[in-house]
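New to this one? Take a moment to turn the model around on your screen before reading on.

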Amino acid sequence: MRLFLSYLALAWLGIGGWLLLEPAALDAYAGVAATSVDGTIELRAMYGGMELAVGLSALWALWRPRWASHVLFLNGVIAGGIGAGRLLGAVLAGSASVYTLSALSFELSAVALCWVFAKRLRSGDQSSG
């Protein structure tokens, strides 16, 4: 589980830090661009700040293992919500780019692994991952 929490921390912190500093990068990767100062602030908040917070929660669980179940729940809910919205968006659009499919694979696999590790925590088996 520590390996998985480390992966979550690196993934969320890496993307969040990058997009907090360089929100215009979303235009090249996802076609998302700010058209105003408020738009840039919003991209920094949602793609930078929120993802940094989720990544910091994973670091917290590495430092304080008793929080692991809460952090797995948080990561599962956030990744699940983003993934569900992305999947519905792709269905409604009738199309999905490589970017969309890549992000969706991260989100859905994160949900599945959060569920698996949370279930192991409940049963007392923390030996894997």
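Here is a walk through the overall fold, three helix pairs and the largest pocket.

**The overall picture**

Keep in mind that this is a predicted model. The protein chain has five helices and zero strands, so to speak a plain α-α-α-α-α pattern when you read along the sequence. Its C-alpha atoms fill a box of roughly 50 × 30 × 20 Å along the principal axes. If you want to find the helices on screen, α1 covers 2–21, α2 covers 25–30, α3 covers 37–63, α4 covers 68–93 and α5 covers 98–123.

**Three helix pairs**

The table gives the geometry of three pairs.

| Pair | Axis distance | Crossing angle |
|---|---|---|
| α3 and α4 | within 8 Å | roughly 155° |
| α1 and α5 | 11 Å | about 150° |
| α1 and α4 | within 12 Å | roughly 50° |

Start with α3 and α4. Angles over 145 degrees count as roughly antiparallel, and the axes of this pair cross at roughly 155°, so α3 and α4 are roughly antiparallel to each other. α3 passes α4 in a left-handed crossing. On the α3 side, the residues involved are Met50, Val54, Ser57, Ala58 and Ala61, and they meet Ala68, Val71, Leu74, Asn75, Ile78 and Ile82 in α4. Sorted by class, the residues of this α3 and α4 contact are nine nonpolar and two polar, with no charged ones.

Next come α1 and α5. With an angle of about 150°, these two helices are therefore roughly antiparallel to each other. Their crossing is left-handed. Look for Phe4, Tyr7, Leu8, Ala11 and Trp12 in α1, which meet Phe106, Ala110, Leu113, Cys114 and Phe117 in α5. What classes do the residues of this contact of α1 with α5 fall into? Ten are nonpolar, with no polar and no charged residues.

The third pair, α1 and α4, is set at roughly 50°, and α1 and α4 are therefore oblique to each other. Here too you'll find a left-handed crossing. From α1, the contact uses Phe4, Leu5, Leu8 and Trp12; from α4, it uses Ala68, Val71, Leu72, Asn75, Ile78, Ala79 and Ile82. The split for this contact of α1 with α4 is ten nonpolar, one polar and no charged.

Try picking out a few residues that turn up in two pairs. Phe4, Leu8 and Trp12 of α1 meet α5, and Phe4, Leu8 and Trp12 also take part in the contact with α4. Over on α4, Val71, Asn75 and Ile78 are among the residues met by α3, and Val71, Asn75 and Ile78 are also among those in the contact with α1.

**The largest pocket**

Now for the empty space. How much space lies in the largest pocket? About 480 Å³. Its lining is made of 19 residues, and Ile15, Glu51, Arg86, Tyr99 and Ala103 lie nearest the centre. Each of α1, α2, α3, α4 and α5 supplies at least two residues of that lining. Which helix gives the largest share? That is α1, with six residues. By class, the lining of the largest pocket has 15 nonpolar residues, one polar residue and three charged residues.

Note on methods
Residues numbered from 1 in each chain as written. Predicted model: local features only at pLDDT ≥ 70, side-chain atom pairs only at ≥ 80, totals over all residues. Heavy atoms only, no water. 1 Å grid on protein atoms, 1.4 Å probe; cavity = no way out; pocket = protein on both sides within 12 Å on 5 of 7 lines; lining within 4 Å. Points joined across faces, edges and corners; volume = space filled by probe spheres on them. Helix = DSSP H or I, 4+ residues; strand = E, 2+ residues; numbered from the N terminus. Nonpolar A, V, L, I, M, F, W, Y, C, P; charged D, E, K, R; others polar. Axes fitted to C-alpha atoms, helices over the stretch in contact; angles between N-to-C directions. Parallel < 35°, antiparallel > 145°, perpendicular 65-115°, else oblique. Left-handed = near helix turned anticlockwise from the far one by under 90°. Contact = heavy atoms within 4.5 Å.
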